[in-house]
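Biologist: I should be grateful for a close look at one part of this model, the salt bridges and the helix that carries them. Please then relate that part to what surrounds it.

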Amino acid sequence: NTLLNNHIKLYIPVLKKAINEQVQIQKEELRSYGESLLSEESEENTHSTLLLLIAQYSEFYQSAIDGRSIKNITSEIKAGARIHMIFHDVYTKSLQALNPYECLTDDDIRKAIMNAKRLKPKQLIPRKAFENLIRYQIG
């Protein structure tokens, strides 16, 4: 018990010094970011600060999508090019692999169209029939 107490008494000043050094480092880093925009707690200042932050985020996001903020452009596909690749390569291949008529026969489609048509023969495929077929496919 006394050994533990002596150990704690020995290392408390060391830990306190290390914590204070880290706090000072963090304070300096905060100061390097500039003045606090929320120093005045007015509602108007809060709204303008929020709009400013959203605008900055939007600009950063747009530059990331456009590829302007990418540091190493040769290591892998990033940002807007990655989104383009996913939609045009991965997503397209996945959609082409699907068989929309897997669980539907021509007779099922004909009956759904006839049931949804009622007295409106103007439409090629009535919306209600289309919705019913989709629900049947999903379910």
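Modeller: The model is a predicted one, and a search of the whole structure finds 2 salt bridges. One joins Arg-110 to Asp-107, with 2.7 Å between the closest N and O atoms. The other joins Lys-111 to Asp-107, and here the closest N and O atoms are 3.2 Å apart. Asp-107, Arg-110 and Lys-111 are thus linked in a network of salt bridges.

The positions of these residues along the chain come next. Arg-110 and Asp-107 both belong to helix α4, where they are 3 residues apart, about one turn of the helix. Lys-111 and Asp-107 are 4 residues apart in helix α4, so about one helical turn separates them as well.

How buried or exposed is each member of the network? Arg-110 has a relative accessible area of 47% and is partly exposed. Lys-111, at 44% relative accessibility, is partly exposed, and Asp-107, at 33%, also counts as partly exposed. The class follows from the cut-offs, because buried means under 20% relative accessible area and exposed means over 50%, with partly exposed in between.

Helix α4 also takes part in the largest nonpolar core. This core has 7 residues in all: Leu-104, Ile-109, Ala-112, Ile-113, Ala-116, Ala-129 and Leu-133. The elements that give two or more residues to this core are α4 and α5, and α4 gives the most, with 4 residues. A point of contact within the core is Ala-129: leaving aside its neighbours within four places in sequence, Ala-129 is in contact with Ala-112, Ile-113 and Ala-116.

The largest pocket involves these helices too. It holds about 210 Å³ of space, and the elements that give two or more residues to its lining are α4 (106-117) and α5 (127-138). For this pocket, α5 gives the most to the lining, with 4 residues. The lining has 10 residues, of which Tyr-101, Leu-104, Phe-130, Leu-133 and Ile-134 lie nearest the centre of the pocket. By class, 9 of the lining residues are nonpolar and 1 is polar, with no charged residues. Leu-104 and Leu-133 belong to the largest nonpolar core and are also among the residues nearest the centre of the pocket.

To draw the parts together, helix α4 holds the salt-bridge pair Arg-110 and Asp-107, gives the most residues to the largest nonpolar core, and is one of the elements that give two or more residues to the lining of the largest pocket.

How values were computed. Residues are numbered from 1 along each chain as its sequence is written. This is a predicted model: local features need pLDDT of at least 70, side-chain atom pairs count only at pLDDT 80 or more; totals for chains, interfaces and linings use all residues. Side-chain values use heavy atoms; hydrogens and water are left out. On a 1 Å grid over the protein atoms alone, a cavity is a set of points where a 1.4 Å probe fits but cannot get out, and a pocket is an open set with protein on both sides within 12 Å along at least five of seven lines; lining residues have an atom within 4 Å of a point. Grid points are joined across faces, edges and corners, and a volume is the space filled by probe spheres set on the points. Ala, Val, Leu, Ile, Met, Phe, Trp, Tyr, Cys and Pro count as nonpolar, Asp, Glu, Lys and Arg as charged, and the others, Gly among them, as polar. A nonpolar core is a set of buried Ala, Val, Leu, Ile, Met, Phe, Trp, Tyr and Cys residues joined through side-chain atoms within 4.5 Å. Buried means under 20% relative accessible area, exposed over 50%, partly exposed in between (1.4 Å probe, protein chains only). Contact means heavy atoms within 4.5 Å. A salt bridge is a side-chain nitrogen of Lys or Arg within 4 Å of a carboxyl oxygen of Asp or Glu.
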